Amino acid sequence: MGKIIKVSGPLVVADGMADANMADVVRVGPQRLIGEILNMTGDRASIQVYEETSGLGPGADVVTTGAPLSVELGPGLIENIYDGIQRPLEEIVKRVGANITRGIEVPPLPRDKQWQWTAVAKVGDKVIGGDVLGTVPETSSVLHKIMVPNGIRGTVEWIAPEGSYTIQDVIAKVRTEKGELRELTMVQKWPVRVGRPYQKKFPPVTPLQSGQRVIDTMFPIAKGGTAAVPGPFGSGKTVVQHQLAKWSDVDIVVYIGCGERGNEMTDVLREFPELTDPRTGETLMKRTVLIANTSDMPVAAREASVYTGITIAEYFRDMGYHVAVIADSTSRWAEALREMSGRLEEMPGEEGYPAYLASRLAQFYERAGMVQCVGSDGRTGSLTAVGAVSPPGGDLSEPVSQGTMRIVKVFWSLDASLAYRRHFPAINWLNSYSLYLDSMRPWFDENLGPEFMINRGRAMHLLQEENELNEIVQLVGKDSLSASDQLTLEIARMLREDFLQQNAFVDVDSYSSFDRQKQLLGLILHYENLCRGAIAKNVALQDLFTVPSRERLGWAKYTEADKYAQEYEEIGLDMDRDINELIRKAGEEE
């Protein structure tokens, strides 16, 4: 037991801590506030306290638990709402009301709830860490697999029969190779700052389908990949992340509200239970874990929240599920690092951030990946990490944005000017990029045909040409451009308005499948090819822009999901007929 000698906000310094270790969780003061040891100098420990420290003073006791900051993993995670150190907020509110008191100790997983257990392993089976002992239907969307904790290897001597059990009941007994008999329950603990092991990591080659055309077609992310969503205030970062959480073809979503405004986090907590999961028809919460750490909560817990979230995600990945971690936002997390670093009197780096900012960002994003899970059945799972970045004033040259860009392979740059023009998702196609395109090309070629990537390249080229032509237009006016350049501007406008722009409030346009994206993009570029052929045969541009099928093409993205294939085919045939008729008339006039 040690004694406090200094209190500086969330930082507490205590001496007499010779029995403690780095990263140990401690209980501080008479209220037993939870804290974590950041560094040790002799028997003196610097502790970051995850709760408000007002009222603490020198002489108060500090007791170490002898274990690092860990999360409980087991049935009960899904649908729960936690703070940054895995305290269940809804359960705390039931016990003490809306104003959460300091020092409250509530178990993260419900101890009295009965779960319907079905054994998979049998007596006599040889098992290793990661092998599935049995299953629990946690929600209608998620079958929770109870796994042997990592590090245990032996033979099953007893396994519980099918029935209802709590997470503390013994469900299996394993005789280890050393002869010890280990009693296993449904719950296991894991330190949050240590990545969970895996057998092998694979290169990400399968796209994560989000249903957002600008993402899936232009800047796709792979399952097991990493992405950043930077953008200034009001550019739609949270909406993009909501769309990813709702529509992505993943099994589990872990949403981390890290230092966000309280009202924004409240919107998430209200909306997610009301959103319908397109895969199951159930509420989206049936496959979601929420971690709410708002900007008014203690800053130290904000720093822990991203580790808590990604450790929970790794646990579900180890079951063989595809998991998405959405962190909103890593800038607020970096601000917490900066504050704690300043209180520790460490040498500041650029803009006051600690010198280890880039390595901490890398530690978070590097835990993503497509892996072969531990265990003898060789199952694979993926963890995709998407982090929002909130650069002050939209300045992407600041350290958090730059550090993130060096690590992630997909960069969706949000643009406030697009958002003000009501173009959503406000992802700027000139500043964004995806480094997964080459590795995913075989998947696209096999499933969508080689023309999909060819059309994608053509569309990007047209959008870049438009940007160059706009500079000329500002100098000399649009009428001075050649017919071919004017057509380029029109096709680029169609790509922006009829393809890239999506309305999250219109159900049929909120989500777009890969096949639909391929056909819609192909239709726009087919129109371009027909027009270029017609221009060469002296057809007037204005006639080409006013054909009836052009207007139908503008409304094509709102066609019902079960009718689009027929509608797009009809538009294509009408286009051929309309433009061929214009060519015929132009030939007669000559």
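Start by selecting Met1, Gly2, Gly16, Met17, Ala18, Asp19, Ala20, Val62, Val63 and Thr64, the residues that line the largest cavity of this predicted model. With these residues shown, you are looking at the walls around about 50 Å³ of space. Which strand gives the largest share of this lining? Colour residues 61-68 to find out: this is strand β6, and three of the lining residues come from it. A search of the whole structure turns up two cavities of 30 Å³ or more. If you wonder how empty space can be found at all, rolling a probe the size of a water molecule over the atoms shows where it is left.

**Next stop: the largest pocket**

Now select Val239, Gln243, Asn503, Ala504 and Phe505. The largest pocket has a volume of about 750 Å³, and of the 28 residues lining this pocket, the five you have just picked are the closest to its centre. To see which elements give two or more residues to the lining, colour α3 (237-247), α4 (262-274) and α13 (507-510). Which of the elements gives the largest share of the pocket lining? Look at α3, with six residues.

**Two unusual peptide bonds**

Before the next two selections, keep in mind that most peptide bonds are trans. Select Asp328 and Ser329 and look at the link between them: this is a cis peptide bond, with omega at about 10°. Ser329 sits in the loop between β22 (322-328) and α6 (330-343), so colour those two elements to see what comes before and after.

Then move along to Phe424 and Pro425. Here too the joining peptide bond is cis, and omega is about -10°. Where is Pro425? You will find Pro425 in the loop between α9 (416-420) and β26 (433-434).

**Two residues with positive phi**

The backbone angle phi is the next thing to look at. Most residues other than glycine have a negative phi. Select Gln86, which is not a glycine and yet has a positive phi of about 65°. Gln86 belongs to the loop between β8 (81-82) and α1 (89-96). Is Gln86 buried or exposed? Its relative accessible area is 2%, so Gln86 counts as buried, the cut-off being under 20%.

Select Glu351 next. Glu351 is another residue other than glycine with a positive phi, near 55°. To place Glu351, colour α6 and α7 (357-365) and look at the loop between them. How accessible is Glu351? Glu351 has 46% relative accessibility and therefore counts as partly exposed, which is the class between 20% and 50%.

**Zoom out to the whole chain**

Finally, clear your selections and show the whole chain. Switch to a cartoon view and you can follow 17 helices and 26 strands. Turn the chain around: its C-alpha atoms fill a box of roughly 100 × 55 × 40 Å along the principal axes. Of its 590 residues, 54% count as buried.

Show the surface, and you have about 24,500 Å² of accessible area in view, with 50% of this belonging to carbon and sulfur atoms. Colour by charge to bring out 62 positive and 81 negative charges; the mean positions of these two groups are 4 Å apart.

For a last look, think about which parts of the sequence meet in space. Among contacts between residues at least 6 apart in sequence, 70% join residues at least 24 apart.

Key: Residues numbered from 1 in each chain as written. Predicted model: local features only at pLDDT ≥ 70, side-chain atom pairs only at ≥ 80, totals over all residues. Heavy atoms only, no water. Helix = DSSP H or I, 4+ residues; strand = E, 2+ residues; numbered from the N terminus. Buried < 20%, exposed > 50% of the residue type's maximum accessible area, 1.4 Å probe, protein only. Contact = heavy atoms within 4.5 Å. Areas by Shrake-Rupley, 256 points an atom, 1.4 Å probe, with all protein chains shown as cover. Lys, Arg positive; Asp, Glu negative; His and termini not counted. Charge placed at Lys NZ, Arg CZ, Asp CG, Glu CD. 1 Å grid on protein atoms, 1.4 Å probe; cavity = no way out; pocket = protein on both sides within 12 Å on 5 of 7 lines; lining within 4 Å. Points joined across faces, edges and corners; volume = space filled by probe spheres on them.
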